[in-house]
Amino acid sequence: MNVATIQTCLQRASELSEISDSARFDVELLLCHVLDCDRSYLFTWPEKSLTAEQLQQFDVLLHQRLEGRPVAHLLGTREFWSLPLQVNDSTLIPRPDTEVLVEQVLALTLPADAKILDLGTGTGAIALALASEQPRWQITAGDFSRDAVALAQANARQLGLSNVRVLRSDWFAAVDGEQFDVVVSNPPYIDPADPHLQQGDVRFEPASALVADDEGFADLFYIASKALTFLNPRGWLLLEHGFEQAGRMREKLQQLGYDSVVTLRDYGGNDRVTLGRRP
């Protein structure tokens with residue numbers, strides 16, 4: 001019987017080449033999970049053998065990845081803003097490009113005890129990233145999904161971030177009468193007819209967190225309109241959207257009366273975040 005080593009397991013990345021753009025990295029992450037090590041260990045000890053139990057666990061994970069299941073779901077975690085977040089199939093998997101939203105909120109000139117509202121929080125990624133950077137800010141995170149609320153609350157506890165409250169809320173419903181310096185959201189914005197919904201990781205993510213009516217604009221426009229009631233004067237609205245939606249988003253915010261409207265690009269150079277300021 002041939003002995004499986006770290007090196008031979010890494011070579012199996014070729015099996016994933018047709019379903020993943022990051023096959024080698026995927027296999028490295030699966031191996032690190034099985035061996036409870038960091039990636040540097042893989043390169044330092046390529047000849048180290050796996051036990052029979054470790055090999056079986058690796059085979060199971062690799063098979064599930066071959067079926068298309070996201071690596072984040074297989075591992076149960078995803079890093080966002082250098083924070084380890086628990087993930088599951090009740091929410092979106094946090095994407096690196098959403099860090100642009102976090103960066104921009106942190107770049108705003110805000111009160112030392114600013115009040116921030118994160119709508120559709122999912123794992124809590126945006127709210128928790130902001131809370132970790134600004135412990136004096138008062139951050140409210142809302143989501144309609146009970147499972148998402150439980151997950152975001154668990155992530156807040158795990159990270160020891162006490163300046164975040166997570167509420168079950170249909171958008172603004174649970175914060176009626178409150179005012180905020182910033183409203184931020186990465187809401188559903190994909191057109192239900194988009195063929196990409198049948199490809200990649202999104203097949204395993206909840207459609208309710210991905211798609212919206214009116215060619216993907218329904219939730220974006222609703223939040224933009226309602227936020228005017230919940231923002232303090234000169235408060236900011238920041239919305240993540242699809243790369244082809246920037247023009248309509250800027251027009252909508254300007255029609256609603258926001259000023260200082262601008263669109264920012266993500267790390268891939270695509271239009272991704274549009275923000276505006278309440279008069």
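**Asn186**

I started with Asn186 in this predicted model and asked whether Asn186 is buried or exposed. Its relative accessible area is 16%, and the cut-off for buried is under 20%, so Asn186 is buried. I found Asn186 in the loop between S6 and H9. Next I listed its contacts, leaving aside neighbours within four places in sequence: Leu92, Thr98, Leu101, Leu119, Gly120, Ile126 and Glu240. I also took a C-alpha to C-alpha distance to Thr229, which is 43 residues away in sequence, and got 19 Å.

**Helix H6**

Leu101, one of the contacts of Asn186, took me to helix H6, residues 99–107. Which residues of H6 are buried? I noted Glu99, Val100, Leu101, Val102, Gln104 and Val105. Then I looked at what these buried residues pack against, and the list has both helix and strand partners. The helix is H7 (125–133). The strands are S1 (77–80), S6 (180–185), S7, S8 and S9.

**Asp266 and the S8–S9 loop**

Val100 of H6 came up again when I turned to Asp266, which touches Asp97, Val100 and Arg272 once residues up to four places away in sequence are not counted. Asp266 sits in the loop between S8 and S9. Its relative accessibility is 6%, so I put Asp266 down as buried.

What does the side chain of Asp266 reach? One partner is the backbone nitrogen of Gly268, at 2.8 Å. Another is the side chain of Arg272, in a polar contact of 2.9 Å.

I then checked Gly268 itself, which is also in the loop between S8 and S9. With a relative accessible area of 56%, Gly268 is exposed, whereas Asp266 is buried. I looked at Gly268 against Asp97 too: they are 171 residues apart along the chain, yet their C-alpha atoms are separated by 8.0 Å.

**Helix H10**

Next I went to helix H10, residues 246–256, and picked out its buried residues: Ala246, Met249 and Leu253. Why do they lie on the same side of H10? They cover an arc of only 60° around the axis, which puts them there. The spacing made sense to me, because an α-helix has 3.6 residues a turn, so residues three or four places apart point the same way.

I wrote down the packing partners of these buried residues as well: helix H9 (218–230) and strands S7 (231–240), S8 (259–265) and S9 (271–277). Just after H10, I came across Gly257 with a positive phi of about 105°.

**Positive phi outside glycine**

Gly257 made me look for residues other than glycine with a positive phi. As a reminder to myself, most residues other than glycine have a negative phi. I noted Trp81, with a phi near 55°, and Ser260, also with a phi near 55°.

Trp81 is in the loop between S1 and strand S2 (83–86). At 16% relative accessibility, Trp81 counts as buried. Ser260 is placed in strand S8, and at 44% relative accessibility Ser260 counts as partly exposed.

**H2 against H4**

I moved on to a helix pair. How do helix H2 (residues 23–35) and helix H4 (residues 52–66) pack? Their angle is about 145° and their axes are 10 Å apart. The crossing of H2 past H4 is right-handed.

On the H2 side, I found the contact made by Asp26, Val27, Leu30, Leu31, His33, Val34 and Leu35. On the H4 side, Gln54, Gln57, Phe58, Leu61, Leu62 and Arg65 take part. Sorted by class, the contact has eight nonpolar, three polar and two charged residues.

I also looked at Gln56, another residue of H4. Its relative accessible area is 54%, so I logged Gln56 as exposed. Gln56 and Val34 are 22 residues apart along the chain, with 9.6 Å between their C-alpha atoms.

**Thr5**

My last entry is Thr5, in the segment before helix H1 (6–10). Is Thr5 buried or exposed? At 11% relative accessibility, Thr5 counts as buried. What does Thr5 contact beyond its neighbours within four places in sequence? I noted Pro46, Glu47, Lys48, Ser49 and Leu50.

Conventions:
Residues are numbered from 1 along each chain as its sequence is written. This is a predicted model: local features need pLDDT of at least 70, side-chain atom pairs count only at pLDDT 80 or more; totals for chains, interfaces and linings use all residues. Side-chain values use heavy atoms; hydrogens and water are left out. Buried means under 20% relative accessible area, exposed over 50%, partly exposed in between (1.4 Å probe, protein chains only). Helices (H or I, at least four residues) and strands (E, at least two) are DSSP runs, numbered from the N terminus. The arc is that of the directions from the helix axis to the C-beta atoms. Contact means heavy atoms within 4.5 Å. A polar contact is a pair of N or O atoms within 3.5 Å; within protein, one must be able to donate a hydrogen and the other to accept it, and residues adjacent in sequence count only if both atoms are side-chain atoms. Axes are lines fitted to C-alpha atoms, for helices over the stretch in contact, and angles run from 0 to 180 degrees between N-to-C directions. A crossing is left-handed if the near helix is turned anticlockwise from the far one by less than a right angle, and right-handed if clockwise. Ala, Val, Leu, Ile, Met, Phe, Trp, Tyr, Cys and Pro count as nonpolar, Asp, Glu, Lys and Arg as charged, and the others, Gly among them, as polar.
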